[in-house]
Amino acid sequence: MNRFRSAREELDQLVPYDAKDVRAEVLLASNENPMNLPQEIVKKLSERLSQFQFNRYPDPTASALRRLLAEANGLEPENVLVGNGGDELIFDLLLAWGGPGRTMLDLPPTFGMYAIDAATTGTSVVSIPRLEDFSVNQDAVLQRVRQGDIDLVMIANPNNPTGGLIDESFLIDLLGASDAIVLVDEAYFEFSRLTMRHHMSRHPNLVLLRTFSKAFSLAGLRVGYLLGDADVICELMKVRQPYSVDAFSQWVAATVYRERVMFEQVISDIIRNRDMISRELAQVPGVEVFPSEANFVLFRVEHASALWRDMLHTHSVLIRDFTRTPGLENCLRVTVGTAEESVRFLEGVAEVIGGRRSAAELAGTGGARGRGVE
Ligand SMILES: *Cc1c(COP(=O)(O)O)cnc(C)c1O
């Protein structure tokens, strides 16, 4: 006899999400904002903390935050759904539009949660891999969607972890190609400054995802939101957990959003450091850098896993290893930190790769070409 009744068969194929809790002095693995909340905001919050009603259930629709988000985006509150991070909203989309007998279109390599949530909800996945340069195979996608059996399409724009954007004209063609729900995941909107928002009125199947976890320094609280047609939001309200966004997070996110101009400086610093990292990394012999419109940079380098390990153990810099992800062989992703963290990362890379090359030269196996970063 079994120790206990087996769980759903689909779960056999899955392993629990591993957030890889590795300790390091410089954390550049999760696309977080390197800066904590501005002190002015923390002060504002702490002044009112003693009156906070911890004893009451949260407002299930986060109406104050929802109103702010609607207003800022020229929409009605009915067009906005706040979730426990963007991740919960992705799961809600799969609960409502996925499930057994239904199909999600995925464009790997991309954000892993789409495929994970498809698996946990028993949703079939059609994958159309990206091309060599990580652009979308547009003809293949349009052709597949026109067959009419795709229920939900997931597109991260900019894409994580590759960093690039998708042609707007392609997205418009995709929205018109069927009535499938198309999630355009704009988690990095504050860095790319590009949105499909203005196409919402003509395309009720378009849903946008945003988050407070990246630009707004709130990864620790879990707040994200969807923008979409009121009837689409209504379907999602049927499947969501009514109290998933706690009252404290609603309050902090609303305060942050009201004060969002305070983040403009740190966002432009991040963009500047990102371009610096891309430029400098591209100078390192043997490194291929992929263009990014987000707060991270993906690059390919020989012996990437060894570089990842040396960066952690010798330099205490944690970056993200994608070398085991299909299509991302030998690829690593570095989140853009502060200027100091970015320099420390670049110096570490130059040292590891420089050391490797001189070792190869000593052994007479490698020729020195180009130059390293100083
Ligand atoms: C980070 C991220 C999200 C959501 O993050 P949350 O912390 O759950 O809000 C969604 N999509 C992409 C592509 C991301 O990179």
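**Exercise 1. Which element gives the largest share of the shell around the ligand?** Work this out on the predicted model, and then describe the shell and its polar contacts.

*Solution.* Begin with the elements: those that give two or more residues to the shell around the ligand are helix 3 (85-97) and strand 7 (206-211), and the largest share, 3 residues, comes from helix 3. Next, take the residues themselves: there are 13 around the ligand, and Gly86, Asp185, Thr211, Ser213 and Lys214 come nearest. Sorted by character, the shell divides into 4 nonpolar, 5 polar and 4 charged residues.

Then turn to the polar atoms, for which a pair of N or O atoms counts as a polar contact within 3.5 Å. A polar side-chain atom of Asp185 lies 2.5 Å from a nitrogen atom of the ligand, whereas Tyr188 and Thr211 are paired with oxygen: a side-chain N or O atom of Tyr188 is 2.6 Å from an oxygen atom of the ligand, and for the side chain of Thr211 the corresponding distance to a ligand oxygen atom is 2.5 Å. Finally, consider the surface of the ligand, which exposes 390 Å² when taken alone, 94% of that being buried by the protein.

**Exercise 2. Is Thr162 buried or exposed?** Locate this residue in the chain and list what surrounds it.

*Solution.* First place Thr162 in the fold: it is found in the loop between strand 5 (152-156) and helix 6 (168-177). Its relative accessible area is 3%, and the cut-off for a buried residue is under 20%, so Thr162 is buried. The side chain of Thr162 makes a polar contact of 2.8 Å with the side chain of Asn159. Setting aside neighbours within four places in sequence, Thr162 is in contact with Pro109, Phe134, Phe290, Pro291, Phe296, Leu298 and Leu328.

**Exercise 3. How many helices and strands are there in the chain?** Continue with the overall dimensions and the packing of the chain.

*Solution.* The count gives 12 helices and 13 strands. The radius of gyration of the chain is 22 Å, close to the 21 Å that the globule rule gives for 374 residues, and the chain is therefore as compact as a globular protein of that length. Along its principal axes, the C-alpha trace spans about 65 × 55 × 55 Å.

For the packing, note that 49% of the 374 residues count as buried, and that, among contacts between residues at least 6 apart in sequence, 71% join residues at least 24 apart. The accessible surface of the chain comes to about 18,600 Å², and carbon and sulfur atoms account for 50% of it.

Methods. Residues numbered from 1 in each chain as written. Predicted model: local features only at pLDDT ≥ 70, side-chain atom pairs only at ≥ 80, totals over all residues. Heavy atoms only, no water. Near = heavy atom within 4 Å. Polar contact = N/O pair within 3.5 Å; in protein donor to acceptor, adjacent residues only side chain to side chain. Areas by Shrake-Rupley, 256 points an atom, 1.4 Å probe, with all protein chains shown as cover. Helix = DSSP H or I, 4+ residues; strand = E, 2+ residues; numbered from the N terminus. Nonpolar A, V, L, I, M, F, W, Y, C, P; charged D, E, K, R; others polar. Buried < 20%, exposed > 50% of the residue type's maximum accessible area, 1.4 Å probe, protein only. Contact = heavy atoms within 4.5 Å. Rg over C-alpha atoms; globule rule 2.2 N^0.38 Å.
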